[in-house]
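Here is a friendly walk through a protein fold for anyone who works at the bench. Have the structure open beside you as you read.

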Amino acid sequence: MFICGSGLVEKGLDSCLDFFIENDMQLDICAPERGYEDFWNHYSSKLENNIIRHGFVDIKSRAFKRIAANCHFVISNSHSEGFNTAISTAMRTGLIPILTKSTGHKIGNFGILIGDTSKIALEDAIKSAEKLTHNQLQLMSEESYKESLKYSHEEFSSSFLSCLSSFEDEFKV
């Protein structure tokens, strides 16, 4: 699955499409279409049945859950961003991340790092994913889900309050 809210090229959808157009693997795309007409017009004649455009999908919807249930991985060949929350959302469904460092996620032993944004690095990462056994997929999916729990509103609030408290202690006014 490729998922994003905006910035299709910055998040690497173009390079992902180029790869999947040449290979017979399924890619589900949950990304906006409005505002990206030129992008989609460029690719529309090249897309085959293995690439499924869902458009923008509400992450709380049954449609999103159904799409995620048919995938093993979430992929982002991002060129630059601070932190990709869409990836965290996909991980919350147990999808295994295939990511560049630019997404802001630490992928530890539950994901696959794309070394850089080159076509070769993307291909190498996807080939690594193809070699995973069923047991490895299961373990990585479980770990991905556990990691995603660190990116909740509750965790953010707790971490933020802890940070404020440490400043308050250090700089008593």
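## Strands, core and cysteines

Strand S1 (residues 2-3) and S2 run parallel and are joined by two bridges. Across this pairing, Phe2 stands opposite Ile29 in S2. To get from S1 to S2 the chain passes through H1, and this β-α-β crossover is right-handed. Please keep in mind that you are looking at a predicted model.

On the next pairing, S2 meets strand S3 (residues 51-53) in the parallel sense, over three bridges. Here Leu27 has Ile51 in S3 as its bridge partner. The chain crosses from S2 through H2 to S3, and this β-α-β crossover is right-handed as well.

Put together, the three strands form an open sheet with parallel pairing, in the order S1-S2-S3. Which strands lie at the edges of this sheet? They are S1 and S3, each of which pairs on one side only. As general background, strands of a sheet pair through backbone hydrogen bonds, either parallel or antiparallel.

The sheet belongs to a protein with seven helices and six strands. Reading from the N terminus, the elements follow the pattern β-α-β-α-β-α-β-α-β-β-α-α-α. The C-alpha atoms fill a box of roughly 65 × 40 × 35 Å along the principal axes.

Now for the interior. Of the 173 residues, 42% count as buried. S2 gives a nice example: Leu27 and Ile29 point one way, Asp28 and Cys30 point the other way, and all are buried.

The largest nonpolar core has 30 residues, and those touching the most other members are Phe2, Leu13, Leu17, Leu27, Ile29, Ile75 and Ile98. Elements that give two or more residues to this core include helix H1 (13-22), strand S2 (27-30), strand S4 (73-76), strand S5 (96-99) and helix H6 (134-148). There is also a second, separate core of 17 residues, with Cys30, Ile67, Leu95 and Phe110 among them.

What does Leu13 touch, leaving aside residues up to four places away in sequence? Its contacts are Phe2, Leu8, Ile29, Phe39 and Trp40. Across the protein, residues 24 or more positions apart account for 62% of the contacts with a separation of 6 or more.

The cysteines deserve a look too. A disulfide is a covalent bond between the sulfur atoms of two cysteines. How many disulfides does a search of the whole structure find? The search finds zero. The table gives the nearest cysteine sulfur for two of the cysteines.

| Cysteine | Nearest cysteine sulfur | Distance |
|---|---|---|
| Cys4 | Cys30 | 9.5 Å |
| Cys30 | Cys71 | 7.5 Å |

Neither distance meets the cut-off, because a disulfide needs the sulfur atoms within 2.5 Å; Cys4 has its nearest cysteine sulfur 9.5 Å away, and for Cys30 the value is 7.5 Å.

Are these two cysteines buried or exposed? Cys4 has 4% relative accessibility, so Cys4 counts as buried. Cys30 has 2% relative accessibility and therefore counts as buried. The cut-off behind both statements is under 20% relative accessible area.

Finally, the outside: the protein exposes about 10,300 Å², and carbon and sulfur atoms supply 52% of it.

Key: Residues are numbered from 1 along each chain as its sequence is written. This is a predicted model: local features need pLDDT of at least 70, side-chain atom pairs count only at pLDDT 80 or more; totals for chains, interfaces and linings use all residues. Side-chain values use heavy atoms; hydrogens and water are left out. A nonpolar core is a set of buried Ala, Val, Leu, Ile, Met, Phe, Trp, Tyr and Cys residues joined through side-chain atoms within 4.5 Å. Buried means under 20% relative accessible area, exposed over 50%, partly exposed in between (1.4 Å probe, protein chains only). Helices (H or I, at least four residues) and strands (E, at least two) are DSSP runs, numbered from the N terminus. Contact means heavy atoms within 4.5 Å. Two strands pair if DSSP finds at least two bridges between them. A crossover is right-handed if, with the strands pointing away from the viewer, the path from the first strand over the helix to the second runs clockwise. Accessible areas come from the Shrake-Rupley method with a 1.4 Å probe; for residues, only the protein chains shown count as cover.
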